[in-house]
Amino acid sequence: MNALSRPKTPWHLWVLGIVGLIWFAGGANDYVQTKLENAGYLQMMADSVGVSLQTILDYYGNFPLWANVMWALGVWGSIAGGLLLLLRSKFASHCFVVSLIGLLGTTIYTYTSDMPPELNTTFSLVFTIIIWVTVAGYAYYSHRMTQAGVLR
């Protein structure tokens, strides 16, 4: 194998890349809809937990700057990581690490803030754990694919 060749792309990279990008796009949609204060979207969230739309707007609207930055890093880091994974770039793992840092900050803020009790549910905790496992898994996977020479 010459210096410019790389191992064949395994089928699972394409599957995980596409599935991951779809999953991370859901988080990006949530971020954008929340930041734009899309009343229809946020009303669905409010209805699902039994609070007013104003409660949702107040909670997310009062995030401090650092928490908003962490949320953005988490969301956009995972989107960039998913795209770079599909482009077979070693920088995918870097983006997933950035996403983990953002997720850490967001998680710290979420569970130390004055979150309305209706939002602090078992479902939200389980969903947060799922997000952690997913992003950490993609960080690990992209690191392993870089080590294997698949990502450059």
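1. A good place to start is how the chain folds back on itself: residues 24 or more positions apart account for 75% of the contacts in the protein with a separation of 6 or more. Contact here means heavy atoms within 4.5 Å. Please keep in mind that this is a predicted model, in which local features need pLDDT of at least 70 and side-chain atom pairs count only at pLDDT 80 or more, while totals for chains, interfaces and linings use all residues. Residues are numbered from 1 along each chain as its sequence is written, and side-chain values use heavy atoms, with hydrogens and water left out.

2. The overall plan is easy to follow. The protein has 6 helices and 0 strands, so that from the N terminus on the elements run α-α-α-α-α-α. Helices (H or I, at least four residues) and strands (E, at least two) are DSSP runs, numbered from the N terminus. The C-alpha trace spans about 60 × 25 × 25 Å along its principal axes.

3. Next, the surface. Of the 152 residues of the protein, 41% count as buried; buried means under 20% relative accessible area, exposed over 50%, and partly exposed in between, with a 1.4 Å probe and protein chains only. The accessible surface comes to about 8600 Å², and 70% of it belongs to carbon and sulfur atoms. Accessible areas come from the Shrake-Rupley method with a 1.4 Å probe, and for residues only the protein chains shown count as cover.

4. Now look inside. The largest nonpolar core holds 32 residues, of which L13, I56, Y59, Y60, F63, L85 and L151 touch the most other members. A nonpolar core is a set of buried Ala, Val, Leu, Ile, Met, Phe, Trp, Tyr and Cys residues joined through side-chain atoms within 4.5 Å. At least two residues of this core come from each of α1 (11–35), α2 (39–49), α3 (53–61), α4 (65–86), α5 (91–112) and α6 (122–147). The helix that gives the most is α4, with 6 residues. In soluble globular proteins, nonpolar side chains tend to be buried together.

5. The largest pocket deserves a visit too. Its volume is about 1000 Å³, and 33 residues line it, with D30, Y60, F127, T128 and I131 nearest its centre. Two or more lining residues come from each of α1, α2, α3, α4, α5 and α6, and α5 gives the most, with 7 residues. The lining divides into 19 nonpolar, 13 polar and 1 charged.

6. Some terms for that pocket. On a 1 Å grid over the protein atoms alone, a pocket is an open set of points where a 1.4 Å probe fits, with protein on both sides within 12 Å along at least five of seven lines, and lining residues have an atom within 4 Å of a point. Grid points are joined across faces, edges and corners, and a volume is the space filled by probe spheres set on the points. Ala, Val, Leu, Ile, Met, Phe, Trp, Tyr, Cys and Pro count as nonpolar, Asp, Glu, Lys and Arg as charged, and the others, Gly among them, as polar.

7. Y60 links points 4 and 5. This tyrosine is among the core residues that touch the most other members, and also among the residues nearest the centre of the largest pocket. Not counting residues up to four places away in sequence, Y60 touches T34, K35, M45 and W71.

8. Which residues does P116 contact, leaving aside its neighbours within four places in sequence? They are T55 and Y59. P116 lies in the loop between α5 and α6 and is buried, with a relative accessible area of 12%. P116 and T55 are 61 residues apart in sequence, yet 7.8 Å apart in space, C-alpha to C-alpha.

9. Helix α5 offers a contrast. T107 in this helix is buried, at 19% relative accessible area, and beyond its neighbours within four places in sequence it is in contact with T128 and W132. I101, also found in α5, is partly exposed at 48%.

10. Finally, check two loop residues. E37, in the loop between α1 and α2, has a positive phi of about 55 degrees although it is not a glycine. R88, in the loop between α4 and α5, has a positive phi near 60 degrees. Most residues other than glycine have a negative phi. E37 is partly exposed at 48% relative accessibility, whereas R88 is buried at 16%.
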